[in-house]
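Please open the structure in a viewer and keep the sequence panel visible. The tour below proceeds by selection, with a short account of what is found at each stop.

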Amino acid sequence: MSDLTTNIETLNGHLARFRTGGILNLINGESRPAASGATFETSSPVDESVICSVAKCSADDIGAAAQAAKSAFPAWRDTPALERKKILHRIADLIVERAEEIALCECWDTGQALRFMSKAALRGAENFRFFADKATSARDGQQLQSPTLMNVTTRVPIGPVGVITPWNTPFMLSTWKIAPALAAGCTVVHKPAEFSPLTARILAEIAHEAGLPPGVWNLVNGFGEEAGKALTEHPDIKTIAFVGESKTGSMIMKQGADTLKRVHFELGGKNPVVVFDDADLDRALDAAIFMIYSLNGERCTSSSRLLVQESIAKEFEAKLIERVNNIKVGHPLDPTTEVGPLIHKVHFDKVTSYFETAKQDGASIAAGGTRVGDQGWFVRPTLFTNATNDMTIAQEEIFGPVLTSIRFKDEDEALSLANDTQYGLTGYVWTNDITRALRFTNQLEAGMIWVNSENVRHLPTPFGGVKSSGIGRDGGDWSFEFYMEQKHIGFALGHHKIPRLGA
Ligand code: NAD
C-alpha cells in the first residue's frame, strides 16, 4: 500500500472529474442531472471540505428510473442465464481493475480506513462472482409428484426492485444487494445514502461498461425522505431491499403498505460478545477489539456490548484499556491508520453525546471519550466500564468506536443480559466448553452467531437478524428467495376424476 502523500495525489486524480461534473444519476443508461436541476453537496469527514455536487432527485426522477427498470425487465428476465453470468463476471473484473480508485474514493467519502477498504472493494467483486455463478441455477425448482399430478416448482424474478443502502461500507453493501438481484433476472433502481454517493456512481458506471443493457441498473441520488420515500411508494417497484437503521425500516414498511411491497430489512444491532473465564482470553481480546473498533465502529455486526465473566473481568478490562488507548486514529488514507473520522457532523454529534450519557448513567469512561483534533469528525476509541445492561449506552446502537463493558456472574446471567435488547443481529461467544457453547448459542437470540471467532463472512451462509435487527436473509439461495417468486405448475398425469357441477 502506498503512503499517505501518494494516496492523496492518486485520489485527487480520480476526484477531478467529480469536482467538475458532479455526481449524476444513471437512468436508462444515460447520465442525467435531477429533472429539477437540484443538487446537494457531499463533503469529506476528514476535513469537512466539499467533494462535489450530487443530483438531488425528487419523485419525478424516481418515476423515470422506475419506468426504465420496468421497460428493461422483460428482456433482462429472458436473457439466457449464461449471458447474465458473463456480464456479472465482467462487472467483477472491472471492479478489480478499479479497486484502488474505489477504495480511495470510499475512504475520502466515508472516513473508513484504507487498510479495510482496499479489501472491501475486492469483496464487492467476490459478491458479483459468487452470484454470477449462481445465476444459472436461479430458476431451479422441485418436482413434487402426487397420485394424479406431476407438480413442478420454478422461481421467476419478481420484477424491478428498489435497493436502498446506508453510508457505512456503501460499496460493499451495494454489491451485496444488487449482484443477486441481477443474477435472479430483476432490474434495479439503487438509491445510495446521501452522505456517501461516490462509489455507487463508480459501480453503476462499471456495470454499464460491462455491457449491462440500459435500464437494467438505474442509479438515483438524493435524500431518504424524498427520493428514498418515492422509491418505496412507487407501484412499479415490486420489492425494497433496505440496509439501514431500524426506525427507517419501520418507516419504509409504512410507506410501502399501499403498494404491498415485499421488504427485506438489514437493520441495527447492539451485539454482545460474551467472554467466559475458560476461553482463550488473548484471542477473545483480539476479536472483541477488532469487532468494535474496525470500520470506525460503524458496523452493524460490531460487538458493541462486551459481557465479561466477573472472575476475569478486572484483568480483561485492564488489557482492553491498554490496547484501546493504543489504537491509531488518523487520516483514512494513511495505510497505518486503524480508525478514521466518523461519517458526518450529525453522526459525530450523536456518537459523542453518549460520552455525557455514560457519565449521567453512572458508568465510567475507561478509555477515550474525547474528540481528536478540531477539524474533521475524529474521536478517540472509547470504552465504558462499570456499566449495567439497563443503561442507555448498553441498549442504544451508538454506531461508533465505542464499547460498553458489562460484567456477569454465570452462564444464566450472561444469557439473560445478551438477550435483553431490542436487537438480534449477531452474537459472539468465547468459551472452550463445547457443551456450554451448544447450549448458549441454542438460546441466544441472534440471526448470526460466531463461537471463538470474530465475524467471518462466508457467502453461502444466511446473513440477517432477528427482532429489531431485520427481516429476511441474504446470502446463498436466500437472496434468490427474496428477489424471486415461487411458481407451482401441476400437470395431470392422466384422467383423474374432476368434480362435475351442473352436469
Ligand atoms: P439510515 O436508515 O439513516 O439510511 C439508510 C438509507 O435509507 C439511506 O440511503 C437513506 O437515504 C435512506 N432513507 C432514510 N429515510 C428514508 C425513508 N423514509 N424512506 C426511504 N429511504 C430512506 O441508515 P444509515 O444511518 O445510513 O446507516 C446506519 C444504519 O444501518 C445502522 O443502524 C446500521 O446498523 C445499519 N446497517 C445494518 C446492516 C445489516 O446488515 N443489518 C448493515 C449496515 C448498516
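**The annotated domain**

Begin by selecting residues 36–489, where UniProt, in an unreviewed entry, places the feature "domain: Aldehyde dehydrogenase". UniProt positions follow the numbering used here, feature names are shortened, and annotations may be inferred rather than shown by experiment. The end C-alpha atoms of this span lie 47 Å apart, and its content is 43% helix and 19% strand. Helices (H or I, at least four residues) and strands (E, at least two) are DSSP runs, numbered from the N terminus.

The model is predicted: local features need pLDDT of at least 70 and side-chain atom pairs count only at pLDDT 80 or more, whereas totals for chains, interfaces and linings use all residues. Residues are numbered from 1 along each chain as its sequence is written, and side-chain values use heavy atoms, with hydrogens and water left out.

**Helix α3**

Next, select residues 81–97, which form helix α3. At 1.5 Å a residue, its 17 residues should span 24 Å, and the end C-alpha atoms are indeed 24 Å apart; the expected span is 1.5 Å times one less than the number of residues.

Now colour Arg84, Ile87, Leu88, Ile91, Ala92, Leu94 and Ile95, the buried residues of α3. They cover an arc of only 165° around the axis, which puts them on the same side of α3; the arc is that of the directions from the helix axis to the C-beta atoms. Buried means under 20% relative accessible area, exposed over 50%, and partly exposed in between (1.4 Å probe, protein chains only). Turn to the face of α3 directed away from its buried side to find the exposed residues Leu82, Lys86 and Glu97.

To see what surrounds the buried residues of α3, display α2 (59–78), α4 (99–110), α5 (114–134), α6 (170–184), α7 (198–209) and β8 (217–219), against which they pack.

**Arginine 98**

Move to arginine 98, in the loop between α3 and α4. Its relative accessibility is 19%, so arginine 98 counts as buried. Beyond its neighbours within four places in sequence, arginine 98 is in contact (heavy atoms within 4.5 Å) with Arg17, Ile202, Glu205, Ile206 and Glu209.

**Strand β15 and its partners**

Select residues 402–408, strand β15: six of its seven residues are buried, so the strand is largely enclosed by the rest of the structure. Add strand β12 (residues 305–309), which pairs with β15 in the parallel sense over five bridges; two strands pair if DSSP finds at least two bridges between them. Here leucine 306 has serine 405 of β15 as its bridge partner. Then add strand β14 (residues 382–387), which runs parallel to β15 and is joined to it by four bridges. Threonine 382 stands opposite valine 402 in β15.

**Two asparagines with positive phi**

Which loop holds asparagine 28? It is the one between β1 (25–27) and β2 (30–32). Although not a glycine, asparagine 28 has a positive phi of about 55°, and at 36% relative accessibility it counts as partly exposed. Go on to asparagine 296, in the loop between α10 (281–293) and β12. Asparagine 296 is not a glycine either, and its phi is positive, about 60°; at 1% relative accessibility, asparagine 296 counts as buried.

**Cysteines**

Finish with cysteine 57, which is buried with a relative accessible area of 0%. Its sulfur is 14 Å from the closest cysteine sulfur, in cysteine 52, too far for a bond. A search of the whole structure finds zero disulfides, a disulfide being a pair of cysteine sulfur atoms within 2.5 Å.
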